[in-house]
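Reader: I am new to this one and would like to understand the words used for it. Could you show me the structure and take me through the reasoning?

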There are 2 protein chains.
Amino acid sequence: MAGNTSREGAGVVSRAMAILTAFDEAHPRLPLGELSRRADVPLSTTHRIVGELVRLGALARTETGDYVIGRLIWDLGLLSPVHSDLREVASPFLQDLYAGTLATVHLAVRDGSRVLYLDRVTGKRSVPVVSRVGTRLPLHATGVGKVLLAHAPADVQQRVLRRLTPVTPYTVTQPGRLRAQLVAVVADGYATTSGEMTIGACSVAVPVRSGPDVVAALGVVVSSIRRDRPRLVSALQVAAHAISRTLGP
Amino acid sequence: MAGNTSREGAGVVSRAMAILTAFDEAHPRLPLGELSRRADVPLSTTHRIVGELVRLGALARTETGDYVIGRLIWDLGLLSPVHSDLREVASPFLQDLYAGTLATVHLAVRDGSRVLYLDRVTGKRSVPVVSRVGTRLPLHATGVGKVLLAHAPADVQQRVLRRLTPVTPYTVTQPGRLRAQLVAVVADGYATTSGEMTIGACSVAVPVRSGPDVVAALGVVVSSIRRDRPRLVSALQVAAHAISRTLGP
DNA sequence: CCTCGACCTTCCGCTCAGTGGAAGCATAGG
DNA sequence: CCTATGCTTCCACTGAGCGGAAGGTCGAGG
């Protein structure tokens, strides 16, 4: 009735999902009223559906009365084949990379025009980073992002280059300069950043291939790359090649 | 009407959840018909709900026409506070433990009368293990399980001791013998297993405390503990204490 | 102490979304 | 070719879901 493109969004299942997706990284716990507002579902209806979701274990209630995503969804999420082969294969190599460098190690893929972090290994002596597993960040401000962008289809590159939003004062926001970096990334086989996502953090990243295609990126975050860039690059390349070989074509 | 405890299970939301929970570790991909059977929802209804779930991203379809859990659920699962503090705090220590031992390292909690694996670090040189993150295994056949069982309430211990199912020929199935082991676990501060879950794999595990309570267990899997049991125990204890200290009371 | 406001919970009669049997397709195997 | 198996579409009936409104609860402010 309200100018909808077609029949959609009205079903109970849609509404239940709208309620679940009202949660995000910035709002992992929500009170009923806000849940109703964010999901755009009338309060009493939200109340009933939420009650049902709690009964089923998809949501849980905290001591303070807020709602959070329940264990059931956590369990189910682990069954999702979201690059599970890649994660499974890569995991040991990430560990070894961490053991060899004591730097935070990341495995990431491109999700549209964002980097999606699939796995992360951090030690207590590592440089603090913002990314967690499941985080999505802009492609142009991270090492793994630059690798993935450099090997992305032309239309994706263009879309990203058109909207280079700064994250820190050091973020590269001139399309020409980033384009030159991307060419270098392909030529050199690795990408670097320096304070472009987090001030005081540098990163080095390399592509992971399956046959000829770049399917993921492998990166480390350190406080300074000056000192041992060659060592980091070769460690990353060895690990990336090993993952590629294990993945097969 | 069929002797139900109360009105339940009939709602669309329940049915959608029944369809989602039809997936498990042994069946991560299912065709429509089996989904309908496992969820106990009529085929045409399953078809419609599944279609909606796919549209919403909660399910996805493989090339072969089977269904799998979608990326949306994976994303949501990561927002669940399932021991997220514990996992977050413990992760770096698991990495260091792996770096120091090159053995598979596990972080686990008790979930009723099972061990629930929260995190795992495996290297490519490590002994192969069955557990993955999210796996639930019997308490009496694993190192972390014995630790958690030894510190569990009496009624849980009794329930478990009554049903000691063998996993391998070496699994401890005599209640008296296990009970003695549990006493030793509390006294010694660590538990061991030897081929009780997987033949050829041994494990050592210690408790992780928050204040006086045992909230988790930390364990390693190796091919033989004879050689360096003291070294493993002390490495585990150092890491467990560090986690406990970081967790606070 | 009472009042007001923000928020959560319960109620209930109307209505349309969801239901599911059945028929129609598409493949595969005998 | 026919039969079996499994997926998709259809549609008329009906009770599950809807949501406005009324009733609670809690806490801050007068």
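Author: Gladly. This is a predicted model. Let us begin with B:Leu53, which touches A:Val13, A:Met17, B:Ala16, B:Ile19, B:Leu20, B:Ala58 and B:Leu59, leaving aside residues up to four places away in sequence.

Reader: What makes these touches count as contacts?

Author: Contact means heavy atoms within 4.5 Å. B:Leu53 touches A:Val13 and A:Met17, among others, so each of these pairs has heavy atoms within that cut-off.

Reader: Which residues touch the most other members of the largest nonpolar core?

Author: A:Leu20, A:Leu53, B:Leu20 and B:Leu53 do, in a core of 46 residues. Another core, of 33 residues, lies apart from it, and includes A:Val82, A:Leu118, A:Val121 and A:Leu218.

Reader: How do you know that A:Leu218 is buried?

Author: A nonpolar core is a set of buried residues, and buried means under 20% relative accessible area. A:Leu218 belongs to the core of 33 residues, so A:Leu218 falls under that limit.

Reader: Now to the DNA. Why is A:Gly33 said to be near DNA strand C?

Author: Near asks for a heavy atom within 4 Å. A polar backbone atom of A:Gly33 is 2.8 Å from a phosphate oxygen of DNA strand C, so A:Gly33 qualifies. A:Gly33 is also among those that come nearest of the 16 residues around this strand, together with B:Arg15, B:Ser44, B:Thr45 and B:Arg48.

Reader: What makes the pair between B:Ser44 and DNA strand C a polar contact?

Author: An N or O atom in the side chain of B:Ser44 is 3.0 Å from a base nitrogen of the strand. The limit for such a pair is 3.5 Å, so this is a polar contact. Of the atoms of DNA strand C within 4 Å of the protein, 62% belong to sugar or phosphate, and the rest to bases.

Reader: And for DNA strand D, why does B:His47 make a polar contact?

Author: One of the polar side-chain atoms of B:His47 lies 3.4 Å from a phosphate oxygen of DNA strand D, which is within 3.5 Å, so the pair counts. The side chain of A:Arg48 has an N or O atom 2.7 Å from a phosphate oxygen of DNA strand D, so that pair counts too.

Reader: How many residues of each class make up the surface near DNA strand D?

Author: Six are nonpolar, six polar and three charged. A:Arg15 and A:Arg48 are among the closest residues, and they count as charged because Arg belongs to that class.

Conventions: Residues numbered from 1 in each chain as written. Chains lettered and ligands numbered in written order. Predicted model: local features only at pLDDT ≥ 70, side-chain atom pairs only at ≥ 80, totals over all residues. Heavy atoms only, no water. Core = buried A, V, L, I, M, F, W, Y, C linked by side-chain atoms within 4.5 Å. Buried < 20%, exposed > 50% of the residue type's maximum accessible area, 1.4 Å probe, protein only. Polar contact = N/O pair within 3.5 Å; in protein donor to acceptor, adjacent residues only side chain to side chain.
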